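Me: I'd like to go through this one with you and ask how each label is earned. Shall we look at it together?

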Amino acid sequence: MRNPLSDKVVGIQPSGIRKFFDIVSEMKDAISLGVGEPDFDTPWSIREEGIYSLEKGRTYYTSNAGLSELRTEICNYLNRRYGLNYNPDGETLVTVGGSEAIDLAFRAMLNPGDEVIIPQPSYVSYLPCAVLADATPVMINLKEENEFRLTPEELLAAITPKTKILVFPFPNNPTGAIMPKEELEKIAQICIDKDIFVVSDEIYSELTYGGERHCSIASIPGMTDRTIVINGFSKSHAMTGWRLGYACGPAPIIKQMLKIHQFAIMCAPTNSQYAAVEALRHCDENIEHMRDEYDQRRRFMLTRLRGMGLKCFEPFGAFYIFPNIAEFGMTSDEFAMRFLKEYKVAVVPGTAFGECGEGFLRMSYASSLSNLKTAMERLEEFINTLR
Amino acid sequence: MRETILAILEKNSKIDVADLAAMLGESEAAVANEIAEMEKEHIICGYHTLINWDKTGEEKVSALIEVKVTPQRGNGFDMIAERIYNYSEVHAVYLMSGGFDLTVMIEGKTLKEVAFFVANKLATLDSVISTSTHFVLKKYKDHGTILNVTQNDERMLVTP
């Protein structure tokens, strides 16, 4: 029999998180700070709208781009929260989670040999999606001393004549880094000068702390025409399982993304789309409430980690904290594995998000305070045996 | 800081001051001081425990009583409310808008005990015009907490 597989796909490394998942699953009573999704249930009014939509028999396809009223609400929301202006028709596409939108954007925009700049540590799917789109990923290793922000110098050093897309993953998973407006402007200017497009993954846009609201790179003058904004409901409205995201951008790009979506997916789940209309119309307060709780836990984690003498920059976004454990002379993987096996707490090694995550751990504080507290007590015990 | 402390304490009065301080990014002393101040000012009036008595062997009956009263010149409803809330059987008294004046929450050991309290003590007060007693059959949710559910974290343990 011939080899049934695609060399390209076989060549892609499986996610480093998978290995951890298998081990954690074996352990009955482990506390997990390894979860990349909210611990809140979807607000009830949204769930109820989902139930109503089923009761009313709304069990059919929607238009490929998504329900018209949902696209309208998405545009209203982006305008209300981030001052972005998009047309619900032609510039907005409802997708199956933000991750589909990443894949679509790459496939719609990249030709073989084009380079995609991916700042790391970052979400696990940019690199494989770039490879699947026949592009060449070019990594930028973000640095702790810059609080894992992207600097103009780092970007300039990575740009070549083949560079077509910059992936812009802020607020960042796994580091919790955000990009303040002044620094965005510098990055934007480089993209304009060098004629580069930006795929801006803003899935954590509602989760920023310390008084600084998220600023979308698409809102910087001159950037709307060269940015695809990717967002969704998973983190802002605790709707991960509903699988609903969206992309907004220039009509010619969205048109080609829609073409792939139309043939590969047809449309995002109808039930989820009706629920999401409610999410955007009436749930801004739920967002604030969840953010306030995350913020309290974020400060708790930062105080505890620093209190036990760990080096840890203050993250102002998402729900992750990224302490430095290089001082113990173990790899992130070894540290995380021992912490799991000996102290029954799961964290994710920074290396799961790129090689430059070596020496760091991702801890999610989307977990109850009592879990966080126990986990921190165990971490302190563990590092005391190491020192 | 006060509102945040109160919002957290309202849900968990057992929280350690150290944890609370960490969550707020304040010093322990500052938080402890703020709480003490609020206790003194009677903003914090007590620390209670939410109990699902249905799960214990203890028999308890609670009732909500709608009371119509005649307000008194100069005192409004305050005097009559005071006469009612001083009874230890009375757990809560609220002045209401709408079809009646006071909501009185009563707890007793038996239906009879509560009914007699209403008939003998409450209804006989001079200003009380009428009472209407509603017994609680089942508590689903109290103080923002759904009783009788155990929260299970069903998320996958590690996800990107």
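**The interface and the sheet**

Reply: Chain B and chain A bury about 1900 Å² between them, with 58% of it on carbon and sulfur atoms. This is a predicted model, where local features need pLDDT of at least 70 and side-chain atom pairs count only at pLDDT 80 or more, while totals for chains, interfaces and linings use all residues. Residues are numbered from 1 along each chain as written, chains are lettered from A and ligands numbered from 1 in written order, and side-chain values use heavy atoms, without hydrogens and water.

Me: What makes the 1900 Å² between chain B and chain A "buried"?

Reply: Buried area is the accessible area (1.4 Å probe) that two parts lose on being put together, summed over both. So the figure of about 1900 Å² covers both chain B and chain A. B:Arg155, B:Val158 and B:Pro160 supply 39% of what chain B buries against chain A, more than any other three residues.

Me: Why do B:Asp19 and A:Lys373 count as a salt bridge?

Reply: The rule wants a side-chain nitrogen of Lys or Arg within 4 Å of a carboxyl oxygen of Asp or Glu. Their side chains meet at 2.7 Å, N to O, so the pair qualifies. The rule finds 3 salt bridges across this interface.

Me: How do you know that β1 and β3 of chain B pair?

Reply: Strands (E, at least two residues) are DSSP runs, numbered from the N terminus, and two of them pair if DSSP finds at least two bridges between them. β1 (residues 61-69) and β3 (residues 102-108) of chain B have 7 bridges, in the antiparallel sense, so they pass. B:Val67 stands opposite B:Leu102 in β3(B).

Technical notes. Helix = DSSP H or I, 4+ residues; strand = E, 2+ residues; numbered from the N terminus.
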